[in-house]
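Q: Got a minute to walk me through this one? I'm new to it.

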Amino acid sequence: KGLNYLSQRAREKELRSLVSNLPYEGQEKGKQPNRFFSSNSIKTTKYSPLFFIPMNLYEQFHRLANVYFVGLAILNFIPVVNAFQPEVALIPICVILSLTALKDAWEDFRRYQSDRKVNNTPCFVYSRMEKQFVERRWKDARVGDFVKVVCNEIVPADLLLLHSSDPNGVCYIETANLDGETNLKQRTVANGLCTSNFNCKVVCEKPNNNLNHFKCYLEKPNEEKVGAGIESLLLRGCTVRNTNHAVGFVVYAGHETKSMLNNNGSRYKRSKLERKLNIDVFFCVILLFTMCLIGALGHFLWLESLPGVPPYLVPDSSGHLDSPGLTSFYMFFTMIILLQILIPIALYVSIELVKIGQIFFITNDLDLYDEETDSRMQCRALNITEDLGQIEYIFSDKTGTLTENKMVFRRCSVMGTEFPHKENDGKLVQQIKRAESSSRRGGGRKIHPYLDFFLALTICNTVMVSMATAKRERVSDLFCQRKPKRNRTRSEDPAVGSAKMESAADTNGVQTCSLHPLSQRDRPAAASQSLHYEAQSPDEAALVHAARAYGFILLARTPDTVSVRLPSGQVLDFEVLDTLTFDCTRKRMSVLVRHPVTRECVLYTKGADYAIMELLGTPYAEHLSGNQKDVAAVTQHHLDCYAKEGLRTLCVAKKVVSEDVYRSWLVDRKRAQASMDNREQLIMETSVQLETDLTLLGATGIEDRLQESVPETTVALREAGIHVWVLTGDKPETAVNIGYACRLLEEEDLVINMSCKNKLKHFYFIQLTCTSILDCTLEEVRRYEEDPCNVDTTQNIALVIDGNTVSMALSPDLQDRFVDLAKRCRTVLCCRVTPLQKSEVVKLIREKLKVMTLAVGDGANDVNMIQAADVGIGISGQEGMQAVMASDFAISRFKHLRKLLLVHGHWCYTRLANMIIYFFYKNAYVNLLFWYQFFCGFTGTAMIDYWLMIFFNLFFTSVPPIMFGIFDKDVSAEVLMGVPELYRMGQGKGEYNFLSFWISILDAFYQSLVCFFIPYLAYQDSDVDMFTFGTPMNTVALFTILLHLSIEIKSWTLVHWITMLGSVGLYFIVTLAYNATCITCNPPSNPYWILQSQMADPMFYLICTISTVAALLPRYLILPASNSISPSPLLQGRLLDRRDPDTKALRIQEWRGFRGGGEQVKRYRLSPPPSPTLDTPVDYVPEFDLTGDDFSLNVITHQSTVHT
């Protein structure tokens, strides 16, 4: 009892009880019952005017580089360690912090303006005193208020629907502002609720961000509980459509609404390049500390070598002089301040600016714009653009990603008889007529199975019916058919299959389609011309249009009734008793109705074939004879044929439920709907309880065409060294057919098909079998790799594996074997997998192989997979925008993936990689100061004026590398698209790696030696002052650094010329002005007229020329020599750009053929695993028959099929 009490108390804490505010209207806030809940005012700003500076600094100091530089600036204020004027040391970090603060302030001000606009939007709240709805502001609405929303207005808070102007208690909403879906959704008033005198207590769950679930019940004064769910909740941000007005009770307000809890802003991920950058920054810190340690040790040795105390070592006021050891300890920190710019302070800001520029060019690429949907590329994660150039594995959904997700009804099987949906094929129409006649002769007491089949297609869905005059502000053209494209692997009628789609558009641009067999007589205009169907799934729309083609017309749908017109013209009004919605566990949906003729309770069910077949009871045996009695077996054969043709399959079934069973079930159903604990589980259990002993009616085959240019895209991705996997919920036969169609599979490939029909029964033996077959297949693959005769061959192995086998392969004991086999396969097709399995597969490959992964999908079932990958891409297709909202990038077509990766991904990676390497090289300019320490006793003295030294990195050399990172193109887009192999340069370690980093650092050390010692030798034994000695070095360093960048730039543009020449001009203008005016800016030194005097001396020009040429000479010599001896693929690609268009196209074809993109590549075919014989070793069990055929392995080639 004590445990039950504690459990009850815990559950109560997870709930909130709400009452109406009306009885307390006008009373002080302390007496309001709902005062503890959030108000409806929102605030998305991060800062307030008073605390902006401290809060912004706190945010910026989360970046350790900023803490590092601020710490050094503060350290410079300590007299015993300061290297130069303390105020000067603050300039670089203050500039960086100020620029970032200005950017943050502007973004926050825009958020403030948006918040103010939203909070002051008008709405209608009921007032008991005025006895009517009065106008208020959104920010004034509170939990417990009654709010009225009229048509085309946005819902101001999360409202529990209590009343609708629709007589059936229905309110239609559009959720485009939340998930991008433009199709209407239906919300209904809770059953059994009296709204005329509302005095219920509302008990609901605590606020959460789940847009698809809501648990609540209303407790009446008599303690009767009425359950309500998401179907009765109007979400903040939704728009009311096709409903004059609706009234709701505020359950969540402001920041507790589901839409605000989902408003997380831009996604943040750390790119692979950024992680590598942090490691190299750490190496720079080690290098800096090493140089400072050398300086401190050198200063100690220099002090020890002095015979006495030199006059320039001034003691303190008490006459005390620090010991050499303590002075050297102080000198260590002085050297850190002096050499601090070895750590690139401006690098992080430059990377952000470069990524903004890259995103601008990606989103404005016309090749990534889809004219049909008027949508362009979206970048939702702003900091991983370079990851697009390093992808090694792509995991793709099938439906809506590789295919159009625009369904066309092709074939159906009714009671074991197969009917192709072709033009001039009236067999099914005649069969329906005979079925109607048979039912009429029977007095309507017995419904013919053929009628039941099409009634199920018409009723068992969530399709809503609207009229052509319904006002809509958005356009929807989801189901208008395009001209079909022929495909070598699809069996397709050249005459668009079976029927014609007639598109009708209303005055507001809303398009729907009607489907009519060509042999059918015209229907009455009232029934066919004014109806428009809006479906949440293209499959449902295709089935409803197919039923309409055969005369079963869905006329209207309300929460309680469905009206259907039969081919004879008779209208049947079915009473909807309950709807058992689809879920990923059951893989089916059902509708329980009361038949208007027989008055029977009939359950119509449709779903995946394997989900329906296992629930079958006795079929319509009385209507069949001879071989047709086994309807299930014949229908299964038809389903297999449909799948091999690449059609999407569904099974349709029914069940007559007795009144006693229905009443008993209804009690359990209501109890589950009113429950607050495990509501979803209890509701699913009641659904499963009713969906038993079904009667099979038939099956459907729906075609989902490939998207445009999918085969070309997959071939290009494969040539780019990317492994493409398909993770789908479809049947293996369908997936294999699509695999051949989009050229993931080729005719000469070896296809390994692993399937398990029962993952629970005899699990140990099935796992043993799976282990044995994995071992056998791996042994065969390894034998091929070890054969010296197969050095120049290409493996063409593909793995097809179903969901049950995947679940076993993901077990800890088999993970390594599965990954070892999968990485040797060119393509893997995972079929019948759940959304959770998709994400687990992606995580397994990413973590085990340490590779860069990309997941692409278009539906809510792909969200887990998209979020599990390093890069997630959503396709804005026919299944809403859930995938897009969870993704890092969004495209409208799969074909756009080709240019996004091969061109923009390559450019983004190479630009950033080269820019980062250049930044590390550029900041090694500080080595000039380090070499000077050997000639000044390691005293931390600088021969360059401090102001010019700061301006050097902050202004003179900062803009050119940023422009280099935004505009440089090492290879043109045409060549990158034509030669996908060039993409491989970014995979694995890529261009920015351990070796390239240290080569740039060593090159910088060499160049600094040249830039220091040539001026040193030139002025040796002269009487020039320190700044006269340092100014030529500063000028030589500028020329060397900019000319070094000019070598790296592959495509010069006007922007490059302006920034390069502008940097040189800015250097001379600022330096000349500084030397002329700042006489006492940095006492006691005097930089007056230094550069002016130098420019009048020919020695200055000679030093600049010789030093610059000597510093860059190795780079000028080594790069051409290495490119001549062993030219890289990128260099060959750049050479192609110089050819004329015809020659370039010819060279690209030759390159792809030679490298493996054409048909000239040598193929190798593995021998299939051995078939089981009496000589098979005991430890290898290729076939283990447990319950007939629980586990199977098929090895398929273009010549034969071997079953084991």
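**Salt bridges and a helix pair**

A: Sure, start with D397: at 5% relative accessibility, D397 counts as buried (buried means under 20% relative accessible area, exposed over 50%, partly exposed in between, with a 1.4 Å probe and protein chains only). This is a predicted model, where local features need pLDDT of at least 70, side-chain atom pairs count only at pLDDT 80 or more, and totals for chains, interfaces and linings use all residues. Residues are numbered from 1 along each chain as its sequence is written, and side-chain values use heavy atoms, with hydrogens and water left out.

Q: What does D397 form a salt bridge with?

A: With K838, the closest N and O atoms being 3.3 Å apart. A salt bridge is a side-chain nitrogen of Lys or Arg within 4 Å of a carboxyl oxygen of Asp or Glu.

Q: Is K838 buried or exposed?

A: K838 is buried, at a relative accessible area of 2%.

Q: How many salt bridges does the structure hold?

A: There are 46. One of them joins the side chains of E372 and R893, at 2.9 Å from N to O. E372 is partly exposed at 38% relative accessibility, while R893 is buried at 9%.

Q: What about D1003 and R1115?

A: Their side chains also meet in a salt bridge, 2.9 Å from N to O, and both residues are buried.

Q: Switching topic, which residues in α7 meet α26?

A: L273, L277, D280, V281 and C284 do, against Y909, L912, A913, I916 and F920 in α26. Contact here means heavy atoms within 4.5 Å, and helices are DSSP runs (H or I, at least four residues), numbered from the N terminus.

Notes. Helix = DSSP H or I, 4+ residues; strand = E, 2+ residues; numbered from the N terminus.
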